Amino acid sequence: MSLVVINAVKKSFGPNEVLRGITTTVDRGDIVTIIGKSGSGKSTLLRCINGLEKPDSGSIHVGGLPVGGSPAELQKLRQNVGMVFQSFNLFPHLTAAENVTLAPLLTRRITKAEAPALAKRLLEQVGLGQKRDAFPSSLSGGQQQRVAIARALAMSPEVMLFDEATSALDPELVGEVLRVMEDLAKEGMTMIAVTHEMAFARKVSSKVIFMHQGEVWESGPPAEVFGAPRTPELQRFVQTPV
Ligand code: ADP
Ligand code: MG
């Protein structure tokens with residue numbers, strides 16, 4: 001069975017129908033990138049997958065569990081789904097290491113004694129082994145985003161969601177974050193990434209989803225989606241992705 005199963009998901013905000021029946025699946029180890037114009041519903045879809053938004057109809061299952069189930073199921077889901085946002089949202093009064101280990105400590109996944117080793121391993125994984133004691137304000141945007149990725153990994157999620165993880169960064173810092181995402185992909189992490197980085201999507205994806213007006217307009221392997229777009233909407237987007 002697929003790790004993430006999205007079936008006929010609809011979501012409106014007032015009269016604005018933002019998701020118009022999304023159906024797709026994500027298998028273990030898949031790297032799914034979601035592309036599409038601003039306002040096409042990409043963030044709303046990601047937020048539905050980790051339970052931050054509730055679909056009006058349809059269903060989403062992650063690892064066999066329904067999103068929007070009981071509070072206990074929702075808690076389990078949140079541990080299973082890591083999310084990285086455009087704005088890094090690190091806790092400013094905590095060090096990089098403390099940011100990374102806060103959630104696993106609070107949920108008693110690890111003991112206080114185990115925290116330093118976990119922080120060390122995960123910060124080394126994102127290339128920040130030397131920055132364990134640094135506070136967010138002393139880190140560059142790219143470094144802060146890499147701490148945010150380490151923090152999301154700390155709960156050992158089965159799937160990682162990225163919502164335009166590099167969009168808030170200065171151009172020279174984008175590469176270091178994309179490299180960390182690419183390494184994660186190579187290690188077999190299941191990922192769903194909304195991105196404007198077309199070269200990244202083309203290189204890393206197992207499947208690309210082009211969203212248009214709240215629908216999966218086209219989807220398929222990157223060579224197909226970028227190399228042979230079938231609809232005028234995707235043809236236009238591939239030429240000018242905005
Ligand atoms: P994208 O990420 O593709 O840019 P979004 O999912 O953020 O698109 O937004 C799609 C549409 O839904 C937009 O018109 C946006 O204004 C609207 N929208 C998103 N979140 C909310 C919300 N919480 N309340 C009202 N409207 C929203
Ligand atoms: Mg968005």
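Author: A residue is buried if 20 or more other C-beta atoms, placed from the backbone, lie within 10 Å of its own, exposed if 12 or fewer, and partly exposed in between. This is a predicted model: local features need pLDDT of at least 70, side-chain atom pairs count only at pLDDT 80 or more, and totals for chains, interfaces and linings use all residues. Residues are numbered from 1 along each chain as its sequence is written, while chains are lettered from A and ligands numbered from 1 in the order in which they are written.

Reader: Why is H5 called largely enclosed by the rest of the structure?

Author: Of its 13 residues, 12 are buried, so the label follows. The buried ones are Gly142, Gln143, Gln144, Gln145, Arg146, Val147, Ala148, Ile149, Ala150, Arg151, Ala152 and Leu153. Helices (H or I, at least four residues) and strands (E, at least two) are DSSP runs, numbered from the N terminus.

Reader: What do the buried residues of H5 pack against?

Author: Strand S6 (81-84), H3, H4, S7 and H6. Contact here puts two C-beta atoms within 7 Å.

Reader: How do you know that the span of H5 agrees with what it should be?

Author: The expected span is 1.5 Å times one less than the number of residues. For the 13 residues of H5 that gives 18 Å, and the end C-alpha atoms are 18 Å apart, so the two agree. H6 (residues 171-186) passes too: its 16 residues should span 22 Å, and its ends are 24 Å apart, which agrees.

Reader: How do you know that the buried residues of H6 line one face?

Author: Those residues are Val174, Val177, Leu178, Val180, Met181, Leu184 and Ala185. Seen down the axis of H6, they fall within an arc of 155°, so they line one face of the helix. The arc is taken over directions from the helix axis to the C-beta atoms. On the other side, Glu172 and Lys186 are exposed. The cover over the buried residues of H6 includes strand S3 (31-35), H5, S7, strand S8 (190-194) and helix H7 (198-204).

Reader: Why is Glu164 buried?

Author: Glu164 has 21 other C-beta atoms within 10 Å, so it is buried. It sits in the loop between S7 and H6. Its phi is near 50°, positive in a residue other than glycine. Most residues other than glycine have a negative phi.

Reader: Why is Arg108 exposed?

Author: Arg108 has 7 other C-beta atoms within 10 Å, so it is exposed. Its loop runs between helix H3 (96-106) and helix H4 (115-125). Phi of Arg108 is near 60°, again a positive value.

Reader: Why does Thr25 count as partly exposed?

Author: Thr25 has 15 C-beta neighbours inside 10 Å, so it falls in between the two cut-offs. Thr25 lies in strand S2. Leaving aside neighbours within four places in sequence, it is in contact with Ser2, Val4, Val5 and Ile6.

Reader: What surrounds ligand 1?

Author: Phe13, Asn16, Val18, Gly36, Ser38, Gly39, Ser40, Gly41, Lys42, Ser43 and Thr44. Strand S2 (16-26) and helix H1 (42-49) each give two or more residues to that shell. A residue is near a molecule if its C-beta atom lies within 6 Å of it.

Reader: How many of the shell residues around ligand 1 are polar?

Author: The shell has 8 polar, 2 nonpolar and 1 charged residues. Asp, Glu, Lys and Arg count as charged; Ala, Val, Leu, Ile, Met, Phe, Trp, Tyr, Cys and Pro as nonpolar; the others, Gly among them, as polar.
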